[in-house]
Amino acid sequence: MNRFKNNKKFRDNIITYLLVIVIFAVVESLKATGHISSLMKGLLVPVCIYIICAIALNLCVGILGELSLGHAGFMCVGAFSGAFFSKCTAEVITVAPVRFILAIIIGALVASLFGFLIGIPVLRLKGDYLAIVTLAFGEIIKNVINVLYVGKDSEGFHFSLKDMVSLHLKEGGQVIINGAQGITGTPNDSSFEAGFVLIILTLFIVLNLIDSRDGRAIMSIRDNTIASESVGINVTRYKLMAFTISAGIAGVAGVLYAHNLNSLMAQPKNFGYNMSITILLFVVLGGIGNIRGSIISAAVLTLLPELLRGLADYRMLIYAIVLIILMIFNWSPAILELRKKYSVRNFIKNKKTKEVE
Amino acid sequence: MRFLNYLINGISLGSVYAIIALGYTMVYGIAKMLNFAHGDIIMVGSYAIFCLMSLTGLSPVVSVVLAVLICTALGITVEAIAYRPLRGAASPLAVLITAIGVSYFLQNMALLIFGANTKQFTSVINMEPLSLFGGSVTITGETIVTIISCILIMVLLLTFINKTKAGQAMLAVSEDQGAAKLMGVNVNGTISLTFAIGSGLAAIAGMLLSSSYPSLTPYTGSMPGIKAFVAAVFGGIGSIPGAFIGGIILGIIEILSKAYISSQLSDAIVFMVLIIVLLVRPTGLLGKKIQEKV
């Protein structure tokens, strides 16, 4: 209990966990009593997906301090590798939860591998260049998956980048990834409960990382790369570490996404760079570097348009305006100066010092 | 002969990229920011011409001039409202994310006004196609106008920057903002001017792009915008001849890979070029080396 009182970070983390658990409990009880419309029910898994994605991107933008616009690409990799595994083993592993857990592990590993491989060249760059190159990688991943054909027959797997015919499948063979049509017939293993468990797991990984020696090293790189290098922090290693973990978590969100739908296609609207920007929106509106904020904003911004149907057309426009205003309010040197001058906290403090005088 | 046709198409597309890249490279060179919304200003320009021509029935030349003015005003406004307050912010990400926000705003504004349906853009250019070698190679009027206007724009820009006082001020600001201010250069005004020129060029690019590729949606500008950024990086960011060369080469690469490799993979190939350039020669073909100061 002492730790709860004295350690602000620990207290913050506990509050974040509790928040997620309480919301989960409330939603579950509402679901059990039938108070949730079927439309909202359909949104529960997407909310989990967005929350996980937002946490992943916040690790990259807020903690590592580098803007990645390619997280939709990592999601795409995770989604396809997870769905590929599930489809291949649908007959072998009949216990759905076991298969889903394995799919998640595989999706996370493959996405991390991609994050690692892409991170090696990309993390040598900074700022704008890094953003545009991650965007490029995301688009490349999406484009390549759109022309990728994979089939399975008695001789094993066949790959092609041209069309279905050039797979040369034997009789009884099955096309698993069918180019632009993607993967169809993925088992529907995702559920709100699974999403909840994954959010808690993600939180556990990310919050513990932030609170560890490695996490502090990563944040020191964000705050001053040259200074942290000069005290012996291996910049490349820690950058790669954060980026890989972030990519892996995005991959998990992808697996969850793939198993929520019957057919999985890599389209601009689900894995294009607009998706990356939507996730970035959640991160910025929730507060860059604030994990709890990401969770809240991802959930609220996903559910809000359904609650306010009338505003649906204006929703994106409003988000864009709020995004610009928030950035200026939080980062503009002139406004920061003003806020310092006229802040409530300062006002109270000044009063106190005057009284003492 | 078919190769020659592809090559000409490539140069034509490349010229459009080059014009967009000129805007990118100037803004990047002077304001040191990646203006993500640049591509969407192209889209605004195209829609402006589309509306002026189909609704008010103005002549193509007048509507293009008006569209350039609209985009110039838009560029200056965006800079003043969204980017200027963030100059000197603690994190370089702040202005980048704001630019993404502006891009998002323009796209959704267009979506709200014009809807998601594709609009058919009627070509502004009315010129007979040129046939060479007994008709085996044809060059459309759009291609000719695109290439000529690209070269013209580059020459004009180079003269403007090297011969006029405002152009010299731009060079000074791009070199060192603080020192330029001390020497009496109006830094904010110069940056506004840069945005104005870049956005005006974007309107012309929008006209040329939509004349060759007539389907117009709110997302028309974003991909060419990003590819033009690739071109600017390829040629060396901040360099005007670099943007021109980078744009032309990128256009040729895109059309040739569409023709000979795969039409679906052409975007991936263009982005691969960016990644390779940044890894092998991060300053691009004609860029200057930058030393990091501690």
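In which helix of chain A is A:S294 found? In this predicted model, A:S294 belongs to helix 13 of chain A, which covers residues 291-307. A residue counts as buried when 20 or more other C-beta atoms lie within 10 Å of its own. A:S294 has 31 such neighbours within 10 Å, so it is buried. Leaving aside residues up to four places away in sequence, the contacts of A:S294 are A:A54, A:I55, A:N58, A:F282, A:V283 and A:G286. Another pair gives a sense of distance: A:S294 and A:A108 are 186 residues apart along the chain, and their C-alpha atoms are separated by 20 Å.

One of the residues touched by A:S294, A:I55, leads on to the nonpolar interior. The largest nonpolar core holds 205 residues, and those with the most contacts inside it are A:C48, A:I51, A:I52, A:C53, A:I55, A:A253 and B:V230. Helix 3 of chain A, residues 38-63, supplies the largest share of this core, with 17 residues. A:A253 can be followed from residue to residue: apart from residues up to four places away in sequence, it touches A:I49, A:I52, A:C53, A:A56, A:M75 and A:G78.

Helix 10 of chain A spans residues 235-258. Its 24 residues reach 34 Å from the first C-alpha to the last, close to the 34 Å expected at 1.5 Å a residue. This helix is mostly covered, with 19 of its 24 residues buried.

The two chains also meet. To their contact, chain A brings 35 residues and chain B brings 36 residues. On the side of chain A that touches chain B, two or more residues come from each of helix 6 (127-146), helix 12 (273-286), helix 14 (315-331) and helix 15 (333-342) of chain A. Helix 6 of chain A gives the most to this side, namely 13 residues. By type, the residues on the side of chain A that touches chain B comprise 28 nonpolar, four polar and three charged.

Chain A also contains an open sheet of three strands, in the order 2-1-3, with antiparallel pairing. Strand 2 (156-160) and strand 3 (174-178) of chain A stand at the edges with a single partner strand each, so one side of each has no neighbour in the sheet. From one strand to the next, the twist averages 20°. Helix 4 of chain A, residues 71-88, packs on this sheet and touches strand 1 and strand 3 of chain A; the direction of helix 4 makes about 170° with that of strand 3.

The pairing can be traced bridge by bridge. Strands of a sheet pair through backbone hydrogen bonds, either parallel or antiparallel. Strand 1 of chain A (residues 149-153) is joined to strand 2 of chain A by five bridges, and the two run antiparallel. They form a hairpin with two residues between them. Within this pair, A:Y149 stands opposite A:S160, A:G151 stands opposite A:H158, and A:D153 has A:G156 as its bridge partner. Strand 1 of chain A also pairs with strand 3 of chain A in the antiparallel sense, over four bridges. There, A:Y149 stands opposite A:N178. A:Y149 thus has a residue opposite it in strand 2 and another in strand 3.

Is strand 2 of chain A largely in the open or largely covered? The number of buried residues among its five is zero, so strand 2 of chain A lies largely in the open.

Turning to chain B, helix 5 covers residues 141-163. Its 23 residues reach 32 Å from the first C-alpha to the last, close to the 33 Å expected at 1.5 Å a residue. The buried residues of helix 5 of chain B are B:E142, B:T143, B:V145, B:T146, B:I147, B:C150, B:I153 and B:L157. Among the elements that cover them are helix 1 (2-31), strand 3 (137-139), helix 8 (187-212) and helix 10 (240-260) of chain B.

A backbone detail of chain B completes the picture. B:K32 sits in the loop between helix 1 and helix 2 (38-55) of chain B. Its phi is near 55°, a positive value in a residue other than glycine. B:K32 has 18 C-beta neighbours inside 10 Å, so it counts as partly exposed.

Technical notes
Residues are numbered from 1 along each chain as its sequence is written. Chains are lettered from A and ligands numbered from 1 in the order in which they are written. This is a predicted model: local features need pLDDT of at least 70, side-chain atom pairs count only at pLDDT 80 or more; totals for chains, interfaces and linings use all residues. Two residues are in contact if their C-beta atoms, placed from the backbone, lie within 7 Å. Ala, Val, Leu, Ile, Met, Phe, Trp, Tyr, Cys and Pro count as nonpolar, Asp, Glu, Lys and Arg as charged, and the others, Gly among them, as polar. A nonpolar core is a set of buried Ala, Val, Leu, Ile, Met, Phe, Trp, Tyr and Cys residues joined through C-beta atoms within 7 Å. A residue is buried if 20 or more other C-beta atoms lie within 10 Å of its own, exposed if 12 or fewer, and partly exposed in between; C-beta atoms are placed from the backbone. Two strands pair if DSSP finds at least two bridges between them. Axes are lines fitted to C-alpha atoms, for helices over the stretch in contact, and angles run from 0 to 180 degrees between N-to-C directions. The expected span of a helix is 1.5 Å times one less than its number of residues.
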